[in-house]
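Hi everyone, thanks for having me. Please have the sequence and the 3D view open while I talk, and stop me whenever something is unclear.

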Amino acid sequence: MSNQQPEHDQEQPLISHLVELRQRLMFILLIILGFFLGLFYFANDLYTYLSSPLTALLPTGTSMIATDVTSPFFAPFKLTLVAAIFLAMPFVLHQIWGFIAPGLYKHEKRFAIPLLISSIFLFYAGIAFAYFVVFPLIFGFFTSVGPENVAVMTDISSYLNFVLKLFFAFGIVFEIPIATLLLIWSGAATVAGLRQKRAYVIVGCFVLGMLLTPPDVISQSLLALPMWLLFETGIILGVIFVRKQTDDEELSDEFVAAEEEQEENTK
């Protein structure tokens, strides 16, 4: 069978797709629930670890505070739920892949599997980069610029919302190679066109770095430079993929032409 044909030509009834979707959604919820129950006992420890980049920089005699009576419970609870979702993400994406894979072409599957694995790795890498590199710079800046007569005592819920937003932002930013590769693969952009727009991309990286980090050159560059390098990585992958895809299509066309010629000779 040629790789231009889907693996399953016979369509399944709509009800079977809905049943399969319901089963996979239930499995996803069970996986997230399992991670949540396993982590909930360590909820306070997780929050302590998450807040350590800030608490390590607080002046002596100060600490984080809870301005809401329910915050000491709901802040670790929310963190545990988000952590469970993040940890379950490979299983979630595997279920999504299992649902859509039968409708893909063979060459699309060969491309989608490494793309899926890479996107998961890059998202986690973005979170790790935010925690270990960006947080110390941001909190070091904000805890040092306040007036001397103002004690820095951050609310635990406000802190959690702030770091979760940054986690999500950096996780998405680190998907730049995947986004670049998808643009090239779909035909929405070309390698040559993206290279011509490199100057605008670099400026955009520094502008975004300025918005997400304190207004100093060091922290801004620590975000902008990785974004630019990730963009260049996407272009390199695009060159490799486009070349490989072109070679595969040429081989497929030659194979089809050879089959047609052989059929004509037999007649």
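Let's begin with Tyr41: is this residue buried or exposed? Tyr41 is exposed, because its relative accessible area is 72%, and exposed means over 50%. Please keep in mind that what you see is a predicted model.

Now look at the partner of Tyr41. Tyr41 and Phe42 form an aromatic pair. A pair of aromatic rings is described by the distance of the centres and the angle of the planes. Here the centres are 5.2 Å apart and the planes stand at 90 degrees, an edge-to-face arrangement. Phe42 has a relative accessible area of 41%, so Phe42 counts as partly exposed.

How many aromatic pairs does the structure hold? There are 21 of them. Let me show you another one, Tyr47 with Tyr159. Their ring centres lie 6.4 Å apart with the planes at 70 degrees, so this pair is edge-to-face, given that planes over 60 degrees apart get that name. Where do the two residues sit in the chain? Tyr47 belongs to helix α2, residues 43-55, while Tyr159 belongs to helix α5, residues 156-173. With their positions 112 residues apart, the pair links distant parts of the chain.

And are these two tyrosines buried or exposed? Tyr47 has a relative accessibility of 8%, so Tyr47 counts as buried. Tyr159 is buried too, because its relative accessible area is 3%. The cut-off to remember here is under 20% for buried.

Both tyrosines also belong to one aromatic cluster. Its members are Tyr47, Tyr49, Tyr131, Phe132, Phe135, Phe139, Tyr159, Phe162 and Phe167. Try selecting those residues in your viewer.

Let's zoom out to the whole protein. It has nine helices and zero strands, so if you read the elements from the N terminus you get α-α-α-α-α-α-α-α-α. There are 267 residues, and 35% of them count as buried. The protein exposes about 16,500 Å², and 69% of that is supplied by carbon and sulfur atoms. Now take the contacts in the protein with a separation of 6 or more: 84% of them come from residues 24 or more positions apart.

Next, how do helices α1 and α3 cross? Two packed helices are described by the angle between their axes and the distance between the axes. Helix α1 covers residues 14-40 and helix α3 covers residues 71-100. Their axes come within 8 Å and cross at roughly 145 degrees, and the crossing is right-handed. The residues of this contact divide into 20 nonpolar, four polar and two charged.

I'd like to finish with a few single residues. Leu116 is found in helix α4, residues 106-142. Its relative accessible area is 24%, so Leu116 is partly exposed. Leaving out residues up to four places away in sequence, Leu116 touches Leu93 and Trp97. The C-alpha atoms of Leu116 and Leu93 are separated by 7.8 Å, with the two positions 23 residues apart along the chain.

Glu175 lies in a loop, the one between α5 and α6. Is Glu175 buried or exposed? At 15% relative accessibility, Glu175 counts as buried. What does Glu175 touch, not counting residues up to four places away in sequence? Ser119, Leu122 and Phe123. From Glu175 to Met227 is 52 residues in sequence and 9.4 Å in space, C-alpha to C-alpha.

Met227 comes up again with Leu208. Leu208 is found in helix α8, residues 198-212, and is partly exposed, with a relative accessible area of 30%. Not counting residues up to four places away in sequence, Leu208 touches Val173, Leu223 and Met227. Leu208 and Val173 are 35 residues apart in sequence, and 9.9 Å apart in space from C-alpha to C-alpha.

Val201 is also found in helix α8. Val201 counts as partly exposed, at 22% relative accessibility. The C-alpha atoms of Val201 and Ala224 are separated by 10.0 Å, and these residues are 23 apart along the chain.

That's my tour. Thanks for listening, and I'm happy to take questions!

Terms used. Residues are numbered from 1 along each chain as its sequence is written. This is a predicted model: local features need pLDDT of at least 70, side-chain atom pairs count only at pLDDT 80 or more; totals for chains, interfaces and linings use all residues. Side-chain values use heavy atoms; hydrogens and water are left out. Axes are lines fitted to C-alpha atoms, for helices over the stretch in contact, and angles run from 0 to 180 degrees between N-to-C directions. Helices (H or I, at least four residues) and strands (E, at least two) are DSSP runs, numbered from the N terminus. A crossing is left-handed if the near helix is turned anticlockwise from the far one by less than a right angle, and right-handed if clockwise. Ala, Val, Leu, Ile, Met, Phe, Trp, Tyr, Cys and Pro count as nonpolar, Asp, Glu, Lys and Arg as charged, and the others, Gly among them, as polar. Rings of Phe, Tyr and Trp (its six-membered ring) pair if their centres lie within 6.5 Å; planes under 30 degrees apart count as stacked, over 60 as edge-to-face and the rest as tilted. Buried means under 20% relative accessible area, exposed over 50%, partly exposed in between (1.4 Å probe, protein chains only). Contact means heavy atoms within 4.5 Å. Accessible areas come from the Shrake-Rupley method with a 1.4 Å probe; for residues, only the protein chains shown count as cover.
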